Amino acid sequence: YDMAMQVELDARNALEHDLHYALAQDQFELYYQMQVNNATQVIGAEALIRWVHPSHGVVSPLAFIPLAEATGLILPIGQWVLESACVQLHLWAKSARTRHLQLAINVSARQFYQANFVEQVSKTIAKFMIAPERLKFELTESLVLDDIEDTVSKMHALKKIGVRFAMDDFGTGQSSLAYLTQLPLDQLKIDQSFVRNLGVKPTDAIIVQTIIGMANNLGMEVIAEGVETEFQHLFLKQHECDLYQGYLFSKPVTIDTFEACIQSAIG
Ligand code: C2E
Ligand code: CA
Ligand code: CA
Ligand code: CA
């Protein structure tokens, strides 16, 4: 009998119970982190989930997504994220000021590999009558390589509907890059670990330049995440990056704060 193990198991069970309750009580919220282009215009946002806990306050996804994935709760949570993103795109479409905005959401392996994922996406898009090209799915390398054949066929089916795809955390995987040409990707997202080391670790500057060059050669858009300093921004700009996301521009914020930023940026 291991006391420490029992304590951990109890904590896990309590968290799982709380997550069920959170879903039923509508305690999740999407935060929005702006993405900007080379003219420093806001082209859209990445939606990042938060658990707004009645006593613990705002809880990071790092604290509950792994357990949600392990228990399968990520399925209803993922559907909630998709619906919430579509509701937001529907609202943005009503105003000339926000109609152009794109929204990126993160998709878990378990959610993506459900047999009816394509159907769920297509139904949700139809339900909220959104323009599918405004919605972008961020996939990780480990997700796509889990079952490359299923990934290729699902991505093509979803491309037919009109949604877009980004490869998240790009450059952190251990695998060969041969899969890249098989996938209908629209965007490569340079992982923040490389961006952070610009000006610090010369080899990471080379990796960043290489990723940008590769994206350009493959006809994909390239975005840098975790941009925190003017130096990083300038370096990326000089090396022909397309888009930027990071604390230099804004942290992930509530919808009200995000919309206030857009408003003030336009004047
Ligand atoms: P991610 O998809 O790689 O998201 C980027 C993370 O970097 C976010 O953390 C964001 O707040 C943070 N970040 C953005 N700019 C900066 C910066 O300039 N500096 C630093 N230090 N950090 C920055 P967050 O919101 O805590 O999300 C963590 C991870 O949780 C995400 O990593 C993603 O893997 C997962 N996640 C978030 N929302 C969802 C969701 O709706 N569904 C799923 N399946 N996973 C999600
Ligand atoms: Ca992401
Ligand atoms: Ca990322
Ligand atoms: Ca990440």
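Asp 169 is placed in strand β6, strands being DSSP runs of E of at least two residues, numbered from the N terminus. The model is predicted: local features require pLDDT of at least 70 and side-chain atom pairs count only at pLDDT 80 or more, whereas totals for chains, interfaces and linings use all residues. Residues are numbered from 1 along each chain as its sequence is written, chains are lettered from A and ligands numbered from 1 in the order in which they are written, and side-chain values use heavy atoms, with hydrogens and water left out.

Asp 169 takes part in metal coordination, for which donors are N, O and S atoms within 2.8 Å of the metal (3.2 Å for Na, K and Ca); water is not among the atoms, so sites may look incomplete. For the calcium ion (ligand 4), the protein donors are two entries of Asp 169 (OD), lying 3.0 Å from the ion. Asp 169 also coordinates the calcium ion (ligand 3), which is 3.7 Å from the calcium ion (ligand 4). Around ligand 3, the coordinating atoms are supplied by Asp 168 (OD), Asp 169 (OD) and, listed twice, Glu 225 (OE), at 2.2 to 2.7 Å. The sequence spacing of these donor residues is D-D-x55-E.

Asp 168 forms the bridge between the calcium ion (ligand 3) and the calcium ion (ligand 2), with 3.8 Å between the two ions. Ligand 2 is coordinated at 2.1 to 2.4 Å by Glu 46 (OE), Asn 106 (OD1), Glu 138 (OE) and Asp 168 (OD). Along the chain, the donors of this ion follow the pattern E-x59-N-x31-E-x29-D. Distant parts of the chain are thereby linked, with Asn 106 in strand β4 (residues 102-106) and Glu 138 in strand β5 (residues 135-140), 32 residues apart.

Asp 169 further approaches ligand 1: an N or O atom of the Asp 169 side chain is 3.3 Å from an oxygen atom of ligand 1, a polar contact being a pair of N or O atoms within 3.5 Å. A polar side-chain atom of Gln 192 is 2.8 Å from an oxygen atom of the ligand, and a side-chain N or O atom of Glu 228 is 2.5 Å from a ligand nitrogen atom. On its own, ligand 1 has 800 Å² of accessible area (Shrake-Rupley method, 1.4 Å probe), of which the protein covers 83%.

The shell around ligand 1 contains 21 residues, with Gln 33, Arg 50, Gln 192, Glu 228 and Tyr 247 coming nearest; a residue is near if one of its heavy atoms lies within 4 Å. Strands β2 (42-53) and β6 (164-170) each contribute at least two shell residues, and the largest share, 4 residues, belongs to β2.

Technical notes
Polar contact = N/O pair within 3.5 Å; in protein donor to acceptor, adjacent residues only side chain to side chain.
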